[in-house]
There are 2 protein chains.
Amino acid sequence: MRLSTKGRYGVTAMIHLATYFNKGPVSLKDIAQELDYSEAYMEQLFAALKKERLVASQRGAKGGYSLAKDPSDITVGEIIKALEGPIEFSSCVGGTENFKCKKSTHCVTKEVWEQVNDSINNVIDHITLGDLLKKYDTN
Amino acid sequence: MRLSTKGRYGVTAMIHLATYFNKGPVSLKDIAQELDYSEAYMEQLFAALKKERLVASQRGAKGGYSLAKDPSDITVGEIIKALEGPIEFSSCVGGTENFKCKKSTHCVTKEVWEQVNDSINNVIDHITLGDLLKKYDTN
DNA sequence: GGATATTCCGAGTGGAATAGTAGGGATTAT
DNA sequence: ATAATCCCTACTATTCCACTCGGAATATCC
């Protein structure tokens, strides 16, 4: 039960990008080198981040990626969900799965999973890159 | 990003067992049939639950499993952790991994993961089988 | 004491997901 | 033109998940 590397890499890379906010685009090559990630793999992550309009891209020489918004307007939750899809600690939530609830045991557990999901979302949706930058600067 | 079936099956099965508390052991066969899970797979789960002393076993004919404690003394968190190991939304928590933190970016993210882990644990460690049984009964 | 019901144990397996690679095409600054 | 960069699709190796399988040990019942 853990986040995949996408979420971790993504958040870390976005913090890195945030430190260059309003200083022009940063190339994937630079990001990958700085954080010691695979550049080709990062391409995939940034494609997803761009799709959700969290980053903007500049093609060609001297191009790269930059934050699409102010760091304080981007939450960790948005980044994670862009890369990994919605947070679901367990299923039988949201009604997508056709579960047998004949004994209602399942429905009792459903409440548990919902509480967990809510608490996770409550944390990650309220931490912005701006918050993290502050801590970063004071280190 | 979700719990595996072990956690789900385990919690559901334990609620089922709780409804038979103090009524003698229930065989895996019965549990598996009732909940429509694979019996052989459940064996593995119950081995782990027994190891953590959440259930007690009775071998031989008329044997089976029973809760090792009062339902109100068993939390959902204990069950999940017995089956899936500790909750780690992301790593770089607990210091087991030797991460490069030269830019301190990683350490900023570490706080995020810790907050998420804490919030998950806070939910699942405070819901007992007893709590769930009450809801189950009033349905 | 033999048939039967059960837990216990270790190993194996097929499929899905993860974590990348690889190769080329499109765009832009210089 | 050239070099740097993003863009896109497909491929691959490894790991993890959700089981299955075969048998041994133990207890009950007749």
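# Close-ups of a predicted protein–DNA model

**View 1. The protein surface near DNA strand D draws on both chains.** Five elements each supply at least two residues of this surface: helix H3 (39-51), strand S1 (55-58) and strand S2 (64-67) from chain A, plus helix H1 (5-18) and helix H3 (39-51) from chain B. Here, helices (H or I, at least four residues) and strands (E, at least two) are DSSP runs, numbered from the N terminus. A residue is "near" a molecule or strand if one of its heavy atoms lies within 4 Å of it.

A quick word on what you're looking at. This is a predicted model, so local features need pLDDT of at least 70 and side-chain atom pairs count only at pLDDT 80 or more, while totals for chains, interfaces and linings use all residues. Residues are numbered from 1 along each chain as its sequence is written, chains are lettered from A and ligands numbered from 1 in the order in which they are written, and side-chain values use heavy atoms, with hydrogens and water left out.

**View 2. Who sits around DNA strand D?** There are 25 residues around DNA strand D, and Lys50(A), Ser57(A), Tyr65(A), Ser38(B) and Arg59(B) come nearest. Of the strand D atoms that come within 4 Å of the protein, 71% are sugar and phosphate. The surface near strand D has seven nonpolar, 13 polar and five charged residues. For the sorting, Ala, Val, Leu, Ile, Met, Phe, Trp, Tyr, Cys and Pro count as nonpolar, Asp, Glu, Lys and Arg as charged, and the others, Gly among them, as polar.

**View 3. Zooming in on polar contacts with DNA strand D.** A polar contact is a pair of N or O atoms within 3.5 Å; within protein, one must be able to donate a hydrogen and the other to accept it, and residues adjacent in sequence count only if both atoms are side-chain atoms. Lys50(A) has a side-chain N or O atom 2.6 Å from a phosphate oxygen of strand D. Ala61(A) uses a backbone N or O atom, 3.3 Å from a base nitrogen of strand D. From chain B, Gln58(B) places a polar side-chain atom 3.5 Å from a sugar or linking oxygen of strand D.

**View 4. Now for DNA strand C.** Around strand C there are 23 residues, the closest being Arg59(A), Leu28(B), Lys50(B), Ser57(B) and Tyr65(B). Sugar or phosphate accounts for 69% of the strand C atoms within 4 Å of the protein, and bases make up the rest. The surface near strand C divides into seven nonpolar, twelve polar and four charged residues. Look for Ser38(A), with a polar side-chain atom 2.9 Å from a phosphate oxygen of strand C, and for Gln44(A), with a side-chain N or O atom 2.7 Å from a base oxygen. Over on chain B, a side-chain N or O atom of Tyr65(B) is 2.4 Å from a phosphate oxygen of strand C.

**View 5. Helix H4 of chain A is tucked away.** Seven of the nine residues of H4 (residues 76-84) are buried, so the helix is largely enclosed by the rest of the structure. Buried means under 20% relative accessible area, exposed over 50%, and partly exposed in between (1.4 Å probe, protein chains only). The buried ones are Val76(A), Gly77(A), Ile79(A), Ile80(A), Ala82(A), Leu83(A) and Glu84(A). Just after this helix, Gly85(A) takes a positive phi of about 80°.

**View 6. Inside the nonpolar core.** The largest nonpolar core has 82 residues, and those with the most contacts inside it are Met14(A), Phe46(A), Met14(B) and Phe46(B). Such a core is a set of buried Ala, Val, Leu, Ile, Met, Phe, Trp, Tyr and Cys residues joined through side-chain atoms within 4.5 Å. Setting aside neighbours within four places in sequence, Met14(B) is in contact (heavy atoms within 4.5 Å) with partners including Leu49(B), Leu67(B) and Leu129(B).

**View 7. Three loop residues of chain B.** Asn22(B) sits in the loop between H1 and helix H2 (28-35). At 70% relative accessibility, Asn22(B) counts as exposed, and its phi is near 65°, a positive value in a residue other than glycine. Asp36(B), in the loop between H2 and H3, has a positive phi of about 65° although it is not a glycine either. Most residues other than glycine have a negative phi. Ala68(B), in the loop between strand S2 (64-67) and helix H4 (76-84), is partly exposed, with a relative accessible area of 40%.
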